[in-house]
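This report describes the strands of one protein chain and how they pair. Please look at the sequence and the structure first.

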Amino acid sequence: QVQLVESGGGLVQPGGSLRLACAVSGSIFSILAMGWHRQAPGKQRELVVAATSGGSTNYADSVKGRFTISKDNATNTVYLQMNSLKPEDTAVYYCNVKVEAMGVTYGMEYWGKGILVTVSS
């Protein structure tokens with residue numbers, strides 16, 4: 001069973017930084033692709049960033065130059081470093097991964113439950 005648990009959210013002032021973490025547990029051989037999405041109140045879920053294990057990334061225009069996705073292969077943890085935060089970044093952030101893991105279809109996609117980030121003074 002593959003599970004994702006996000007952490008690192010909370011309240012931050014405009015211009016501040018947060019680092020979200022997504023711990024992927026289970027019999028994981030490798031994380032093939034990863035990403036973060038977000039859903040603001042009253043809005044649809046939107047892509048923040050998607051990345052492949054080969055290193056290609058696709059950031060939403062609204063976060064380019066401010067957010068950075070990374071991965072720790074030793075701990076199977078995916079990170080989202082968020083700098084220069086703005087009130088419009090307020091949302092629930094969701095981590096997702098596609099994995100190679102024991103007992104599951106190659107490339108199966110999993111999602112975390114989400115974590116709230118609030119940017120406000």
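## The β9-β10 hairpin

Strands β9 and β10 make a hairpin that has 6 residues between them, and G103 in the turn has a positive phi of about 80°. Strands here are DSSP runs of E with at least two residues, numbered from the N terminus. Two strands count as paired if DSSP finds at least two bridges between them. β10 covers residues 108-111 and is joined to β9 by 4 bridges, running antiparallel. The bridge partner of V99 in β10 is M108.

## Basis of the model

The model is predicted: local features need pLDDT of at least 70, side-chain atom pairs count only at pLDDT 80 or more, and totals for chains, interfaces and linings use all residues. Residues are numbered from 1 along each chain as its sequence is written, and side-chain values use heavy atoms, with hydrogens and water left out.

## Other partners of β9

β9 spans residues 91-101, and 8 of its 11 residues are buried (under 20% relative accessible area, with a 1.4 Å probe and protein chains only).

β9 also pairs with β4 (residues 28-39) in the antiparallel sense, over 10 bridges; there M34 stands opposite V97. A further 3 bridges join β9 to β11 (residues 115-119), again antiparallel, with Y93 opposite I115.

## The four-stranded sheet

An open sheet of 4 strands follows the order β1-β3-β8-β7, with antiparallel pairing. Its edge strands, β1 (3-7) and β7 (67-72), each pair on one side only.

Between β7 and β8 (residues 77-82) there are 6 bridges in the antiparallel sense, and K71 stands opposite V78 in β8.

Terms used: Buried < 20%, exposed > 50% of the residue type's maximum accessible area, 1.4 Å probe, protein only.
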